[in-house]
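Hi,

Here is the structure I said I would pass on. Have a look, and then read on for what I found in it.

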Amino acid sequence: MFKYGLKSFLAGREWYPSEKLFGLWPMIVGSLYVTLGAMGLGVPFGLACAIVLTEFSSKRVRSVIKPVIELLAGIPSVVYGFMGVIILVPFIRETLGGPGLSVLAASIILGIMILPTIISISVDSLQAIPPSYREGSIALGATKWQTVKMVLLPAARSGIIASIILGMGRAIGETMAVIMIAGNAASVPHSILDPVRTLTSNIALEMGYAAGEHRQALFATGVILFIIIMILNTVANVTASRMKGTKR
Amino acid sequence: MRINPRTEQKIVRVVLWALTGITVAILFFIIAFILRKGVPALGWDFLTKNPVDMGKGGGIFSTVVGTIVLTAGALVIAIPLGVGTAIYLTEYTWEGPVTRVIRFGAECLAGIPSIIFGLFGFILFVTKLKFGWSILSGSLTLAFMVLPTIIRTSEEAIKSVPLVYRTVSFSLGSTKWQTVTRVVLPSALPGVVTGVILSVGRSIGETAAVIFTAGSALRLPTSLFSSSRTMSVHFYILAREGISMPNAYGTAAVLIIAILGINLLTYYLMNRFIKKYS
């Protein structure tokens, strides 16, 4: 990894292992795009679910929907990827053009995959808010939505942020589903319909046959992924523990 | 322009419910789709016959065996380590730098993506220790992967055992170890079991970490050192290489049914556990 210089490794745009060109930039950008896309989809849906589950629904509805959403977390990632290949990819190919295997497809599937993480942690942090906050706001004449918007969401902020960061970690770390639907071309995508390769799929795709320097380059990819995840986790832990601190 | 708060509330309510509805609908759609396409392929033969022609024909027996053996191996390694750590953290030490380091380590392990575990297992077990692509390498890798889940759930379960149980046990003259094994652990058992079942679910669904450590041989495994293919790896290969769609759907249906069953069991146990202590 250091043989070719950290800069050319991280910022190089060419990844041709057979010619000893190891530029990770397309993969880093790919991971970033796909993750951001997944957040754009997963965060609004996840937060909406969490708010409905804690504030706008009866206990009975909650007792049905919450376990159902937790089931989503248990479905293996290959199944999500498969659904993407069977349904989403042809749909995108026919309606929007392009190869179908794309940033968009990967973002949608990953967005669905991170929903359970975002929902369950956000629900926990919304439920942890003392009832007096709600009662106080309602007593001042605020509607339920005003209460949610102005009192509850700010109070649960750090928990919600932690849930989003953990969801991000999951999206970056996901491998099999992404390999199946992202197209895996090792070049910087120009539109959301272009195929893309992420850091994780870079490792998984070439691990089987890599040798020598190529293999070391893949290990280095793993190291970079590891560092990104560690940073995200630490940030999530710090925000989550700050939430505990304010509760006391 | 200011919108009347009541109207705003109504609009937001509709929007939020619509988003929730879509989320739930997607889940039902995924499960229903896989089951509808996969269940026709299922049958006694599918589960008990070995795959023929790289999975084009025959059943999935060897992959079912592979999945069970790998998962069992992972649990045999992870349960003693995980429960042991949880007991140490809750009963034998007090909060300090050491426990903080252990907890931080476990938290970090929990967030690491499975492909990193696969990479690690591949370097350490498959190449350095020369276990090759084998059940042993796969189980060890999976064990590391599920360790955090087991530690955390066991810790929570042990912590929720009322202090009175321990004090009474001590006052009867039992030692710390007797208290732990005969009083604390039995009462915490449902919680510990919940963690174990969650880990089973994760191991069954895992693909990335397994494919690099346990390999993908279709033969029935004969020893700890033989390579083996799990159901999820089999499904991945069938679907990705387009070998046989009916068999891919069938495998996916078996996977989903297994995981739904595991989740329901977890849910039942968790509710029982909660009822017991509240």
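Which residues make the nonpolar surface patch of about 330 Å²? They are A:Val223, A:Ile227, A:Ile231 and A:Val235. (Patches take residues with over 30% relative accessible area and no salt bridge, with like charges joined within 9 Å and nonpolar side chains within 5 Å; a salt bridge is a side-chain nitrogen of Lys or Arg within 4 Å of a carboxyl oxygen of Asp or Glu.)

Quick housekeeping: this is a predicted model, where local features need pLDDT of at least 70 and side-chain atom pairs pLDDT 80 or more, while totals for chains, interfaces and linings use all residues. Residues count from 1 along each chain as written, chains are lettered from A, and side-chain values use heavy atoms, without hydrogens and water.

Back to the patch: A:Ile227 sits in helix α11 (residues 212-247, a DSSP run of H or I with at least four residues) of chain A. Its relative accessibility is 44%, so A:Ile227 counts as partly exposed (buried is under 20%, exposed over 50%, 1.4 Å probe, protein chains only).

Now inside. The largest nonpolar core (buried Ala, Val, Leu, Ile, Met, Phe, Trp, Tyr and Cys joined through side-chain atoms within 4.5 Å) has 130 residues, and A:Tyr80 and B:Phe235 are among those with the most contacts in it. Apart from it lies another core of 14 residues, including B:Val64 and B:Ile262.

B:Thr63, in helix α3 (residues 61-91) of chain B, is buried because its relative accessibility is 0%. Beyond four places in sequence, its contacts (heavy atoms within 4.5 Å) include B:Leu218 and B:His234.

Cheers

Conventions
Areas by Shrake-Rupley, 256 points an atom, 1.4 Å probe, with all protein chains shown as cover. Helix = DSSP H or I, 4+ residues; strand = E, 2+ residues; numbered from the N terminus.
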